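Biologist: I would like to go through this model label by label and hear the reasoning behind each one. Please set every value against its cut-off.

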Amino acid sequence: SVELVKEIARAEEKEIPVVTVLSDSTQSTRECYVGINSYHLGQTFGKQVLQNVTSDMLTVCVLMNRNEANTNQNIIYSGIGEVLAKNAESPYKIYATAIQDTGTFGAEETVRDIFLAEEKLPDVLICLDKLSTTSACQAVVDYNKVGEVEIIGCYSSDAILQAIQKNVLQATVAFDTKGMGEECINAMTEYWKDGHVSEYKPVSVSLITAENIGEYIENETDIQ
């Protein structure tokens with residue numbers, strides 16, 4: 001936002017370095033952005049979508065936040081589309097649906113509308129945040145569409161991991177939050193030591209499915 005850009009500028013005037021995390025402020029004077037490569041994330045989603053390809057038309061709906069100020073979600077969408085264009089052997093249709101309002105209600109309302117329009121149900125529903133992923137998992141159960149609509153989500157939480165174990169959620173993309181925190185400290189240390197730091201430090205993502213969820217939970221427990 002314009003306000004955030006101004007605040008970062010105020011920090012710079014006071015010689016306070018700023019590192020943005022997960023969501024960037026590209027127009028600001030921040031020193032470094034620690035986050036996800038949006039195009040790579042889109043490709044990860046796209047490759048998982050290909051697991052659903054059949055001989056019939058495949059429809060893919062991507063839930064996007066209308067109020068998202070940056071272009072990250074558009075880049076993710078492009079990454080998904082390019083993977084499908086290069087690798088899908090069957091016909092497909094990809095389209096975006098905007099979440100109208102912020103907060104829990106907006107996500108739940110948009111997801112509900114998707115499942116109420118039964119004749120237009122997508123084969124695959126991709127969610128780009130934790131809130132819409134949780135809402136989609138609940139809706140697919142409430143409307144008895146488990147197995148009919150495959151959901152690919154984002155982030156990990158107890159509810160999301162349980163949905164994978166119950167085969168409600170096909171997969172979710174999890175971020176290396178521990179590595180993200182470490183990179184923030186590394187960026188600050190590098191700046192204070194050398195007086196400069198690279199503008200972007202990427203963080204790895206991992207795809208959690210029913211096949212590897214046990215290993216993921218075990219690794220998370222070890223970290224804690």
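Modeller: What follows is a set of questions and answers on the chain as a whole, then on some of its helices and residues.

Biologist: How do you know how far to trust local features here?

Modeller: The model is predicted, and local features are reported only at pLDDT of at least 70.

Biologist: What makes up the secondary structure of the chain?

Modeller: The chain has eight helices and nine strands.

Biologist: Why is the chain called as compact as a globular protein of that length?

Modeller: The globule rule gives 17 Å for 224 residues, and the radius of gyration of the chain is 19 Å, which is close to that value, so the chain is as compact as a globular protein of that length. The C-alpha trace spans about 60 × 40 × 35 Å along its principal axes.

Biologist: What share of the residues is buried, and what share of the contacts links residues 24 or more positions apart?

Modeller: Of the 224 residues, 41% are buried. Among contacts with a separation of 6 or more, 69% are between residues 24 or more positions apart.

Biologist: What is known about the surface and the charges?

Modeller: The accessible surface is about 12,400 Å², and carbon and sulfur atoms account for 48% of that area. There are 16 positive and 34 negative side chains, with the centres of the two sets 4 Å apart.

Biologist: How do you know that the length of helix H3 agrees with its number of residues?

Modeller: Helix H3 covers residues 72-87, which is 16 residues, and at 1.5 Å a residue the expected span is 22 Å; the end C-alpha atoms are 23 Å apart, so the two agree.

Biologist: Which residues of H3 are buried, and what do they pack against?

Modeller: The buried residues are Gln 73, Ile 76, Gly 79, Ile 80, Gly 81, Val 83 and Leu 84. They pack against helix H2 (38-49) and against strands S3 (58-65), S4 (92-99) and S5 (124-127).

Biologist: How do you know that the span of H2 agrees as well?

Modeller: H2 has 12 residues, which should span 16 Å at 1.5 Å a residue; the end C-alpha atoms of H2 are 17 Å apart, so the span agrees. Its buried residues are Ser 38, Leu 41, Gly 42, Thr 44, Phe 45, Gly 46, Gln 48 and Val 49. Their cover includes H3, the strands S3, S5 and S6, and also strand S7 (171-175) and strand S9 (205-209).

Biologist: Why is Ser 132 called buried?

Modeller: Buried means under 20% relative accessible area. Ser 132 has 1%, so Ser 132 is buried. This residue is in helix H5 (residues 130-142). Beyond its neighbours within four places in sequence, Ser 132 is in contact with Leu 63, Ile 99, Ala 107, Val 111 and Cys 127.

Biologist: What makes Thr 133 buried?

Modeller: The relative accessibility of Thr 133 is 0%, which is under 20%, so Thr 133 counts as buried. Thr 133 also lies in helix H5. Leaving aside neighbours within four places in sequence, its contacts are Cys 127, Gly 153, Cys 154, Ile 160 and Leu 169.

Biologist: Why is Lys 130 called partly exposed?

Modeller: Partly exposed lies between under 20% and over 50%. Lys 130 has a relative accessible area of 41%, so Lys 130 is partly exposed. Lys 130 is in helix H5, and outside its neighbours within four places in sequence it is in contact with Cys 154, Tyr 155, Ser 157 and Ile 160. The C-alpha atoms of Lys 130 and Gly 153, 23 residues apart along the chain, are 7.4 Å from each other.

Biologist: What makes Lys 120 exposed?

Modeller: Its relative accessible area is 62%, over the 50% cut-off, so Lys 120 is exposed. Lys 120 sits in the loop between helix H4 (103-116) and S5.

Biologist: What is notable about phi at Asn 144 and at Tyr 155?

Modeller: Most residues other than glycine have a negative phi. Phi of Asn 144 is near 55 degrees, a positive value, and phi of Tyr 155 is near 75 degrees, also positive. Asn 144 is in the loop between H5 and strand S6 (150-154), while Tyr 155 is in the loop between S6 and helix H6 (158-165).

Biologist: Why do Asn 144 and Tyr 155 get their exposure labels?

Modeller: Asn 144 is at 66% relative accessibility, over 50%, so Asn 144 counts as exposed. Tyr 155 is at 26%, between the two cut-offs, so Tyr 155 counts as partly exposed.

Technical notes:
Residues are numbered from 1 along each chain as its sequence is written. This is a predicted model: local features need pLDDT of at least 70, side-chain atom pairs count only at pLDDT 80 or more; totals for chains, interfaces and linings use all residues. Side-chain values use heavy atoms; hydrogens and water are left out. Helices (H or I, at least four residues) and strands (E, at least two) are DSSP runs, numbered from the N terminus. Buried means under 20% relative accessible area, exposed over 50%, partly exposed in between (1.4 Å probe, protein chains only). Contact means heavy atoms within 4.5 Å. The expected span of a helix is 1.5 Å times one less than its number of residues. The radius of gyration is taken over C-alpha atoms; the globule rule is 2.2 Å times the number of residues to the power 0.38. Accessible areas come from the Shrake-Rupley method with a 1.4 Å probe; for residues, only the protein chains shown count as cover. Lys and Arg count as positive and Asp and Glu as negative; His and the chain ends are not counted. The place of a charge is taken as NZ of Lys, CZ of Arg, CG of Asp or CD of Glu.
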